[in-house]
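Below are some comments on one strand of the model and on its surroundings, set out as numbered points. Please read them with the coordinates open.

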Amino acid sequence: MNGYIQVLDADAGLPHILTNFGQGAAMDTINLYEAKTNLSQLVERAAAGEEIIIAKAGRPLARLVALAQRTTERPLGLFAGQAELGADFDAPLPDDMRLAFEGRAP
């Protein structure tokens, strides 16, 4: 495709030509109505690594891509090993606090 993507949108009079420099492989461009109709299929395609441009009236509005996946295990938080739960952590709340959470505080 020589670095260009042709946007096909039934609502637009003439197709627009978008440059695709620095973006690697050509991305599929879908009009907004088609994207709404086929959202679950488009999400599956994006999750598989495809990049999809969503356009309205031939004008690109959004890019649908897969979320980045974590490559290393997430380290424990800032206070790892520095805090502990009290013995009464799961004890019932005092009546006044319980009533406040229920919106019935005096």
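**Notes on strand β4 and its partners**

1. Starting with the turn, strands β4 and β5 form a hairpin in which two residues lie between them, and A57, in that turn, has a positive phi of about 55°. The model is a predicted one, and the points that follow should be read accordingly.

2. The pairing within this hairpin is antiparallel, with five bridges between β4 and β5 (residues 59-64), and P60 in β5 is the bridge partner of A55.

3. Strand β4 also pairs with β3 (residues 28-31), but here the two strands run parallel and are joined by four bridges; D28, for instance, has I52 in β4 as its bridge partner.

4. Strand β4, which spans residues 52-56, is mostly covered, since four of its five residues are buried. I53 belongs to this strand, and it counts as buried because its relative accessibility is 12%, under the 20% cut-off.

5. Contacts of I53, leaving out residues up to four places away in sequence, are made with M27, D28, T29 and I30, and also with P60, A62 and R63. The C-alpha atoms of I53 and A35 are separated by 9.5 Å, with the two residues 18 apart along the chain.

6. The largest nonpolar core consists of five residues, namely I30, A35, L42, I52 and I54. I30, when neighbours within four places in sequence are set aside, is in contact with A35, L42, I52 and I54, as well as with I53 and A55. As general background, nonpolar side chains in soluble globular proteins tend to be buried together.

How values were computed
Residues numbered from 1 in each chain as written. Predicted model: local features only at pLDDT ≥ 70, side-chain atom pairs only at ≥ 80, totals over all residues. Heavy atoms only, no water. Buried < 20%, exposed > 50% of the residue type's maximum accessible area, 1.4 Å probe, protein only. Pairing = 2+ DSSP bridges. Core = buried A, V, L, I, M, F, W, Y, C linked by side-chain atoms within 4.5 Å. Contact = heavy atoms within 4.5 Å.
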